[in-house]
Amino acid sequence: MDELEPGATAVDPPLLRVAAGGRIRRHRRVTALSGILLFACMFLPAVQACGQPLTPYEVPPLAPPYVFGLVFALVAIARTSRGVWYAVFALHVLVMLVVVMSVAMIPIVPELGILELIIGVVLLLLFGLSGTTEPRVAVAAIVVALVSMLWFGLLAAADDALIGVYLSLASSAGLLLGAVLWLRELSVRSAVEVPAAVARRRGQAAWSDILGR
């Protein structure tokens with residue numbers, strides 16, 4: 001699969017150039033580094049719980065912000081159409097998992113479950129059920145970054161906050177900056193949609209490769 005041109009948008013078909021002469025995607029470095037750092041924070045101690053440091057990966061309901069950071073980073077740095085498809089497909093799957101997990105969480109921790117359900121539904125509406133556009137992905141990154149900053153900001157204000165929370169807050173702010181730059185770069189061109197039929201064909205080809213058929 002041919003690589004995208006330096007000015008091509010992430011979810012556009014290959015070789016489609018930015019109308020203003022093929023600008024370099026300057027947001028990539030900020031978005032990717034911030035997203036990867038946010039994901040790495042999942043393995044750092046976040047808060048003290050019962051006298052012991054609590055690491056987010058030990059509590060699956062707390063994992064979505066970190067995983068979103070990684071997936072947005074992958075979308076930002078993807079340079080082939082297949083790589084982009086995999087990353088956007090992962091975003092769709094992650095959003096649906098958040099919705100399912102939030103429904104399961106409501107009987108246990110209603111406040112957290114309802115909050116995650118609202119966020120999941122908003123992101124699902126942004127992405128759509130099949131095709132999507134790059135501006136929608138960038139807006140979704142802004143939403144995730146803002147919610148993450150609010151969440152980690154509340155945790156950072158607590159007395160039992162540890163290094164992981166502070167780094168998560170900083171990387172969420174970086175992700176927000178990268179997403180805003182991303183959306184600003186897209187403002188010079190019209191949105192290009194990946195039709196559902198195209199997405200299905202790419203999905204069939206991808207699964208064929210995975211299954212070795």
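Me: How do you know what the 18 residues of helix α4 should span?
Reply: Helix α4 covers residues 110-127, a helix being a DSSP run of H or I with at least four residues, numbered from the N terminus. The expected span is 1.5 Å times one less than the number of residues, so α4 should reach 26 Å; its end C-alpha atoms lie 25 Å apart, which agrees. The model is predicted: local features need pLDDT of at least 70 and side-chain atom pairs pLDDT 80 or more, while totals for chains, interfaces and linings use all residues. Numbering runs from 1 along each chain as its sequence is written, and side-chain values use heavy atoms, without hydrogens and water.

Me: Which residues of α4 are called buried?
Reply: They are L112, G113, E116, I119, G120, L123 and F127, buried meaning under 20% relative accessible area and exposed over 50%, with partly exposed in between (1.4 Å probe, protein chains only).

Me: What puts these buried residues on the same side of α4?
Reply: Their arc around the axis, taken from the directions to the C-beta atoms, is only 135°, so they share one side of α4. The face turned away from that buried side carries the exposed residues E111, I118 and L125.

Me: Why is α5 called roughly antiparallel to α6?
Reply: Helix α5 (residues 134-156) and helix α6 (residues 163-186) pack at about 155°, with axes 8 Å apart. Angles over 145 degrees count as roughly antiparallel, so the pair earns the name.

Me: What is the handedness of the crossing of α5 and α6?
Reply: The crossing is left-handed, the near helix being turned anticlockwise from the far one by less than a right angle.

Notes:
Axes are lines fitted to C-alpha atoms, for helices over the stretch in contact, and angles run from 0 to 180 degrees between N-to-C directions. Helices (H or I, at least four residues) and strands (E, at least two) are DSSP runs, numbered from the N terminus. Angles under 35 degrees count as roughly parallel, over 145 as roughly antiparallel, 65 to 115 as roughly perpendicular and the rest as oblique.
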